[in-house]
Amino acid sequence: MAQIVLYSDTSAYNFNYLSLPNKAAGVYRLATELRQYGYTVQVINHLFSLTYKENMELCDRHIDQHTIAVGFSTTFWYPNEEMKDYGMGLIADIIHHMNLKAPQAKLIVGGTNMAEIEFINKHKKIDMRFLGYSESAVLQYLTGNKHEFDFTKSQIIYDKSDGILPGETLTIETARGCI
């Protein structure tokens, strides 16, 4: 189980043309920072490419009474009309599932695209929104302590649980901790 679960998606769901599902580096930048501070973090990618059942199984596997935060990255949320209802319904169900399994967990949302925030607000009050770069802000929010971040000395360290394949290329949205 993870203390922090971060959902991200850059799949074909988000675009009006076919593209191969890929992963965005920014959520892993944030996961690295959180892990270096001692948190266990699970990144769940391809949110909208997975089946409903697969998503609920991931909730069961990674969210429990020890989970302190569940985050959604909206950076690449540009849903086409065909998939919008499925995607937004899925997010509502994940949030509901989170509330049942980890009512103490904070719901955090961020990224450069805050388009779907009002929808999420209807289902549970968002505890914190982060717009843009959030390496320092998320840690400060979780710990209550100021956290200095120096991008010139930063790196992304992947955990085996991230499922990054050797030679896999990640989309860089400036790779700056956009949750």
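Which residues are buried in helix α2 (residues 52-62)? Before selecting them, note that this is a predicted model, in which local features need pLDDT of at least 70 and side-chain atom pairs count only at pLDDT 80 or more, while totals for chains, interfaces and linings use all residues. Residues are numbered from 1 along each chain as its sequence is written, and side-chain values use heavy atoms, with hydrogens and water left out.

Select α2, where helices are DSSP runs of H or I with at least four residues and strands are runs of E with at least two, numbered from the N terminus. Its buried residues (under 20% relative accessible area, with exposed over 50% and partly exposed in between, for a 1.4 Å probe and protein chains only) are N55, M56, L58, C59 and H62. They lie on the same side of α2, because they cover an arc of only 155° around the axis, the arc being that of the directions from the helix axis to the C-beta atoms.

Next, select helix α5 (residues 135-143), in which E135, V138 and L139 are buried. Viewed down the axis of α5, these residues fall within an arc of 95° and so line one face of the helix. Among the elements that cover them, by contact (heavy atoms within 4.5 Å), are α1 (25-36), β4 (106-111) and β5 (128-131). Just after α5, G144 takes a positive phi of about 80°.

Finally, move to α1, which is mostly covered, with eleven of its twelve residues buried. The buried residues of α1 pack against β1 (4-7), β2 (41-44) and α5. After α1 comes G38, which has a positive phi near 105°.
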